Amino acid sequence: MTAEAQALELEKFLPYRLSVLSQLVSESLHDLYAGPFELSVTQWRVMAALGRFAPLTASEVGQRIVMDKVAVSRAVAGLMQRGMVERATDREDRRRAPLRLTPKGRTVHAQIVPLALGYEADLYRALSAAERETLNSLCDRLFAHAKLLRNGA
């Protein structure tokens, strides 16, 4: 194979494009809540997961938001220090420590959700309704296939 055939057109390379898009969207959304709520991207993702699925252990949060344990632990510690997340002890399994939002955390979560949904709506304005459905379907398929590839299938 020639060097030309092996050339990687970075601007057309799907993993690169998804990464750049993800970073741009994440930073733009972060700009909406960072200042008023003083939250990092990881802290917001932890809160979003707990707001939707609590109670969850830190490990379960990490699985839901696809972030490493160290980043999740730091985010949880910061949120607990600020009184937005609390840890309980599971009565049936004392080793398990489920997390949930505190009343303060739920209040902040409730204030950020409309900002996040508004940003999503603004972003989706670039697509027709049919394109949105197609994008969501394609994302679902790519997520599922990427998981298979990650697991060695």
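## A tour of the core and helix α2

Begin by selecting Leu39, Val46, Met47, Leu50 and Val61, which touch the most other members of the largest nonpolar core, a set of 24 residues in what is a predicted model. Widen the selection to the elements that each give two or more residues to this core, namely α1 (14–37), α2 (41–53), α3 (58–65), α4 (69–81), β2 (99–101) and α5 (103–124). Of these, α2 gives the most, with 5 residues.

Next, select Leu39 by itself and look for its partners beyond the neighbours within four places in sequence, where you will find contacts with His30, Tyr33, Ala34, Met47, Leu79, Arg82, Met84, Val108 and Ile112.

Now move to α2, a helix of 13 residues that reaches 18 Å from its first C-alpha to its last, close to the 18 Å expected at 1.5 Å a residue. Colour Thr42, Gln43, Trp44, Val46, Met47, Ala49 and Leu50, which are buried in α2, and then show what surrounds them, since the buried residues of this helix pack against α1, α3, α4, β1 (85–87), β2 and α5.

Finally, keep α2 and α3 in view and turn the model until both axes can be followed: the two helices pack at an angle of about 105 degrees, with their axes 10 Å apart, and α2 is therefore roughly perpendicular to α3. To see how they meet, select Arg45, Val46, Ala49, Leu50 and Phe53 of α2 together with Val61, Arg64 and Ile65 of α3, the residues that make the contact. Coloured by type, the residues of this contact of α2 with α3 divide into 6 nonpolar, no polar and 2 charged.

Terms used. Residues numbered from 1 in each chain as written. Predicted model: local features only at pLDDT ≥ 70, side-chain atom pairs only at ≥ 80, totals over all residues. Heavy atoms only, no water. Core = buried A, V, L, I, M, F, W, Y, C linked by side-chain atoms within 4.5 Å. Buried < 20%, exposed > 50% of the residue type's maximum accessible area, 1.4 Å probe, protein only. Helix = DSSP H or I, 4+ residues; strand = E, 2+ residues; numbered from the N terminus. Contact = heavy atoms within 4.5 Å. Expected span 1.5 Å × (residues − 1). Axes fitted to C-alpha atoms, helices over the stretch in contact; angles between N-to-C directions. Parallel < 35°, antiparallel > 145°, perpendicular 65-115°, else oblique. Nonpolar A, V, L, I, M, F, W, Y, C, P; charged D, E, K, R; others polar.
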